[in-house]
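Q: Please take a close look at one part of this model, the packing between two helices, and then place that part in its wider surroundings. A connected account would serve me better than a list.

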Amino acid sequence: MRAQLEEVLASLRTARYADVRVTTTHHQHVKVRNGEVDHLSSVVDRAIGVRVLVGNGWGFASSSDISDSSLRATALRALDVAAASNIASTQTITLSDIEPHVANWSSQFEIDPWSIPIDRKIDHLLAATDPMRGDPRIHQASGEISCYRQQKTFASTVGSFIEQTTTEMGGGIEAVAIADGEFQRRTYPNPFGGDFQAEGWEFIERLDLARKGAQIREEALALLDAPKAPAGRFDLIIGSSQLALQVHESCGHPTELDRAMGLEISLAGGSFLQPDMLGKFRYGSDLVNIVADATVPRSIGSFGFDDDGVPAQRFPLIDRGLFVDYLTGRDTAPLLGRKSNGTVRAESAARIPIIRMTNVNLEPGATPLADIIADTKHGIFVDTNKSWSIDDLRLNFQFGCEVAYEIENGKLGRLLRNPLYTGITPEFWRSCDAVADRDSWQVWGLPNCGKGDPMQTMRVAHGAPAARFRNVEMG
Amino acid sequence: MRTERESFEILDRALHAADTEADAVFTSIDQNFSRFANSNLHQNMSEISAGLTLRVIVDGCMGVAATSSLDDEDIANAAALAREAAKHADPLVNFTGLYRDLPDPPKLRTFDERTARISPAEKATSLRAMFDRGRDADVQFAGSYTTSASSVACANTNGVRRYAQITFADATVIALHAKGSGYATRCARRVDEVDILALGDEATTKATLHLDRIEDIEPGAFDVILEPPALAEVFEWMTMIAFTGQAYEDSSSFLVDRLGQRVAGENFTLADDAVDESFLPFPFDVEGLPKRRVPIIERGIARTPIVDKAYADRLGFPPNGGAWHLGSPEHGTPFHIDIAGGDATRDEMIRSTKRGIWVTRFNYVNGLLEPKTALMTGTTRDGTFLIRDGEVVARLPNLRWTQSMIEAMSNIESLTKERRRVATWYNMFGGTIAPTVKVRNWQFTGKT
């Protein structure tokens, strides 16, 4: 394949820069619901994509036909599109420097997801979900397992030739209880398909879904009769799973430099974090340390090289509460006078690479979660996301969670239903006065981060412990 | 985009490989996306894609596989994967088999040659003209301008065969001034109905309105005037949480136990309507069922969820053509949300408002808060204005709202006669067509 791609790149010599990607992506999804196989599908997607920079115009073309003739035609289309871009290009494009890399990278797994027969996956889910059924208020007991593999080849006029393979698995279970017009959903370990890691079947076994089924059923039923979470201002302890999504929405997205520069405004919006705030703006309290780390082992936010051919990196975004860096790519980093930190990715070769989160992690603190709860006189504990919304600058957010518990005099108390909390991003993170230690820290895989136009779904992840925030508005 | 002959050749190979009762969909899309920001065309993309989805029915059990590779080996692999999936599935409840002996679909104007042929250069030239005009108003533009030509073909082993070509043009424009922003959008089957310069002017008008009068308000209940893009975002969520076959079957939809009952005001009618040629017409769903107008809420009365064949049989509803992906877990989705208009104008709504808020669009709506009441939240964006004593008097900051849509549908005071089409990112077939509506007591719960 290398010779083919290099031949195409040679044909693009009028371009200032060009790259070619080829991807093959396999998905398998198994879902059982109420004792039946509800969904079982298998998808194979192949794509080629050619990106060229001519003058100050980018051109991108892709095709699902990966033949040699299609590759050559796609390259010509990319040149045609770049020529059109120059008609309405009003800015100068500078690419940050990069070394050529010839490399082969793969994520690691012990048991190949595709080596496990479908029967076994179904049986695994039925064993987890059957004990959840039986109560007439349980309308749905379901479980899902997903397998994903993407093989990607990248070649560029810089001289890079990089082959990467990522293998991932995801899984989770869900109980839906309905009675007297009340609807409650409880999931494990996370909603929307569960948790996802760059691992094999060993990850699904480690989730131990069968052991958790009865617990989430009881919690879903208990939520039907639980009092509604109160409105007002409370000290709020947020569990690891929900805090991961809080990091995603209120730190990950606003630190994407393309958003900050207005390049994503047309769909998802911009960012309150502007370049003149770098190194000066107090984003959070001293306890808040957030890093972007594309090198975390076994995480779906990790890779060897981004789709600019830049090596995976770890760097701070928020350092002891101070905003210090953005997620950047080769064509945006020079706007700050910096080099790319390697966060440009596309969901497949069919789509243009854009800045995406990697593993954007809130670093653990030093206090055990139990001590934080014990230190809270009157508060609320929430966990597991149910709803999410944030404004177009990533300032005003509202999250709903599946569960909440009262905290009175340092002890977890009554279960509460339908908790909502809201805030303004920097005020919220500045109110953080306790970050739990590594015992509560976990990396959560989110395979469905939407961005771009046309929309691209990217696989990202977030490490987060539990943490406490003072005087947060609820309800 | 593939011809009818090419498409059926691929489908016939797939059905032959299936070697059992089966249906298949082949979609081929040529599209060009021109994306701009800071009055600069920064992402320009040409995508040619094709995809085959094959569904097999073995002993009443369903299996689905998809491939973008169309050689015999990959199609054979897809067929084997689909059969393997069916082997492990449970029989579909009450399933009477794939469609057969269907009437012909309606003849609709779905394709426009000029839209299929417009070049990236012509689109870039239009955008450049808009950028240049924006300089005079001290605004910069961000947005996207998309055109596509697609072929959609489906067939099954019972003899159903369908083919259609569609074109689509869609542009969104945000005008950004130092003190405010404005928004405009159009979509159509014909690119000539999407006037980039006019959209730029409309967005600029919104972006520069009342720049010298920016007020602040405390959250609370307000009468609100919602333009079609705001309504479209809310009803995209309603589609997911309430109108699909799956939401009805799992009882999360507020329609459950309320069919035939009042769920909205008498002035509110919402249908799945793919046959209205003034909207975004398409003649059949991908199981081959001819499309027709299907009221979901008719003069405030709940009528039906939208279902595919499997869930029509399972739930006992008449089939209503909601299949857009074979084997989709939604089991039926209304892809053509048609909200009936009234007889008002936007100006009349403003004049009749003592104290209210005029909203151009919403941002990041979420409908998962409490599905049974369709409680949703979101923020306003790109043009939020205060109305006082019948006049638009000031620009407002973006506001958060948290509102039950069932309540809102019962609190509609008036609807405009004029309706506009709004595209969705997930739906190549349709979108939403909606009037501007005035709703009493909309709950604003925060501000930025």
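A: In this predicted model, helices α3(A) and α5(A) run roughly parallel to each other, because their axes cross at roughly 30 degrees and angles under 35 degrees count as roughly parallel. Two packed helices are described by the angle between their axes and the distance between the axes. For the distance, the axes of α3, residues 118–129 of chain A, and α5, residues 209–225 of chain A, come within 7 Å. The handedness can be stated as well, since α3(A) passes α5(A) in a right-handed crossing. On the side of α3(A), the residues that meet the other helix are Ala127(A), Ala128(A) and Thr129(A), while α5(A) contributes Leu209(A), Ala210(A) and Gly213(A). Sorted by class, this contact has 4 nonpolar and 2 polar residues, and no charged residues.

Turning to the wider chain, chain A is divided into domain 1, residues 2–225, and domain 2, residues 232–474. The centres of these two domains, taken over C-alpha atoms, are separated by 21 Å, and 47 residues of domain 1 of chain A are in contact with 35 residues of domain 2 of chain A. The side of domain 1 that touches domain 2 is made up of 18 nonpolar, 19 polar and 10 charged residues.

Chain A also holds an open sheet of 4 strands in the order β12-β11-β10-β15, with antiparallel pairing. Its edge strands, each of which pairs on one side only, are β12 (322–323) and β15 (360–362) of chain A. Strand β10(A), residues 290–293, pairs with β15(A) in the antiparallel sense over 3 bridges, and within this pairing Ile290(A) has Leu362(A) as its bridge partner. Helix α6(A), residues 240–252, packs on the sheet and touches β10, β11 (314–319) and β15 of chain A, with its direction making about 120 degrees with that of β15(A).

Finally, chain A meets a second chain, with 64 residues of chain A in contact with 66 residues of chain B. On the side of chain B that touches chain A, strand β2(B), residues 40–58, gives the most, with 11 residues, and that side as a whole divides into 27 nonpolar, 28 polar and 11 charged residues. The same strand β2(B) takes part in pairing between the chains, where β3(A), residues 57–63, pairs with β2(B) in the parallel sense over 4 bridges, and Ser46(B) is the bridge partner of Ala61(A).

Notes: Residues are numbered from 1 along each chain as its sequence is written. Chains are lettered from A and ligands numbered from 1 in the order in which they are written. This is a predicted model: local features need pLDDT of at least 70, side-chain atom pairs count only at pLDDT 80 or more; totals for chains, interfaces and linings use all residues. Two strands pair if DSSP finds at least two bridges between them. Helices (H or I, at least four residues) and strands (E, at least two) are DSSP runs, numbered from the N terminus. Two residues are in contact if their C-beta atoms, placed from the backbone, lie within 7 Å. Axes are lines fitted to C-alpha atoms, for helices over the stretch in contact, and angles run from 0 to 180 degrees between N-to-C directions. Angles under 35 degrees count as roughly parallel, over 145 as roughly antiparallel, 65 to 115 as roughly perpendicular and the rest as oblique. A crossing is left-handed if the near helix is turned anticlockwise from the far one by less than a right angle, and right-handed if clockwise. Ala, Val, Leu, Ile, Met, Phe, Trp, Tyr, Cys and Pro count as nonpolar, Asp, Glu, Lys and Arg as charged, and the others, Gly among them, as polar. Domain bounds come from an automatic or database domain assignment.
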